[in-house]
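Subject: Structure for you to look at

Hello,

Here is the structure we talked about. Please open it and keep it beside this email while you read the notes below.

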Amino acid sequence: MIEDIEIRQIVKFSGEGYGKASVTFRVGPLVIHGARLMEKNGRRWLAYPSRPSGDGKWFHVVASESPELTKEIERLAMEAYDRTALIENEVAKAL
């Protein structure tokens, strides 16, 4: 298991929709921009960056071949998102 993982940035989206935040993370020396924290029907997951191909289908620009690595990155991203929401709630209460 790669232990050198860091969530660099969480940018929450405003408005409605399944996308909750943009996530930038680092695995070793590799930095991934444009992952999205998604939520639908109470289930959350991390969607890796993707682009449309010429035929209109979407493909992942970055993906992990390790389910364990994917789960660890998702766990860290969700924890960072939850901390961000908690801090925002505390600041709102203080105002």
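A good place to begin is the loop that joins β3 (30-40) to β4 (43-47), where N41 is found. Please keep in mind that this is a predicted model. N41 has a positive phi of about 55°, although N41 is not a glycine. For background, most residues other than glycine have a negative phi. Is N41 buried or exposed? N41 has a relative accessible area of 75%, and because the cut-off for exposed is over 50%, N41 counts as exposed.

Now the overall layout. The protein chain has one helix and six strands. In sequence order the pattern is β-β-β-β-β-β-α, with the helix written after the strands. Along the principal axes, the C-alpha atoms fill a box of roughly 50 × 35 × 20 Å.

Some totals for the protein chain follow.

- Of its 95 residues, 29% count as buried.
- About 6,700 Å² is exposed, and carbon and sulfur atoms supply 53% of that area.
- Among contacts with a separation of 6 or more, 29% are between residues 24 or more positions apart.
- There are 14 positive and 14 negative charges, and their mean positions are 5 Å apart.

The next residue to find is E74, which sits in helix α1. Its relative accessible area is 19%, and because buried means under 20%, E74 counts as buried. Which residues does E74 touch, leaving out those up to four places away in sequence? They are W45 and L46. E74 can also be compared with R44: the two are 30 residues apart in sequence, while their C-alpha atoms are 8.9 Å apart in space.

Helix α1 covers residues 67-94, and V91 lies in it as well. V91 has a relative accessible area of 45%; this value falls between the 20% and 50% cut-offs, so V91 is partly exposed. V91 also belongs to a nonpolar patch on the surface, which it forms with I87 and L95. Together, these three residues have about 350 Å² of accessible area.

To check the notes against the model, you could find three residues in turn: N41 in its loop, E74 in helix α1, and V91 in the surface patch. Their labels are exposed for N41, buried for E74 and partly exposed for V91.

Regards

Methods:
Residues numbered from 1 in each chain as written. Predicted model: local features only at pLDDT ≥ 70, side-chain atom pairs only at ≥ 80, totals over all residues. Heavy atoms only, no water. Patch = residues over 30% accessible without salt bridge, like charges linked within 9 Å, V, L, I, M, F, W, Y side chains within 5 Å. Areas by Shrake-Rupley, 256 points an atom, 1.4 Å probe, with all protein chains shown as cover. Salt bridge = Lys/Arg side-chain N within 4 Å of Asp/Glu carboxyl O. Helix = DSSP H or I, 4+ residues; strand = E, 2+ residues; numbered from the N terminus. Buried < 20%, exposed > 50% of the residue type's maximum accessible area, 1.4 Å probe, protein only. Contact = heavy atoms within 4.5 Å. Lys, Arg positive; Asp, Glu negative; His and termini not counted. Charge placed at Lys NZ, Arg CZ, Asp CG, Glu CD.
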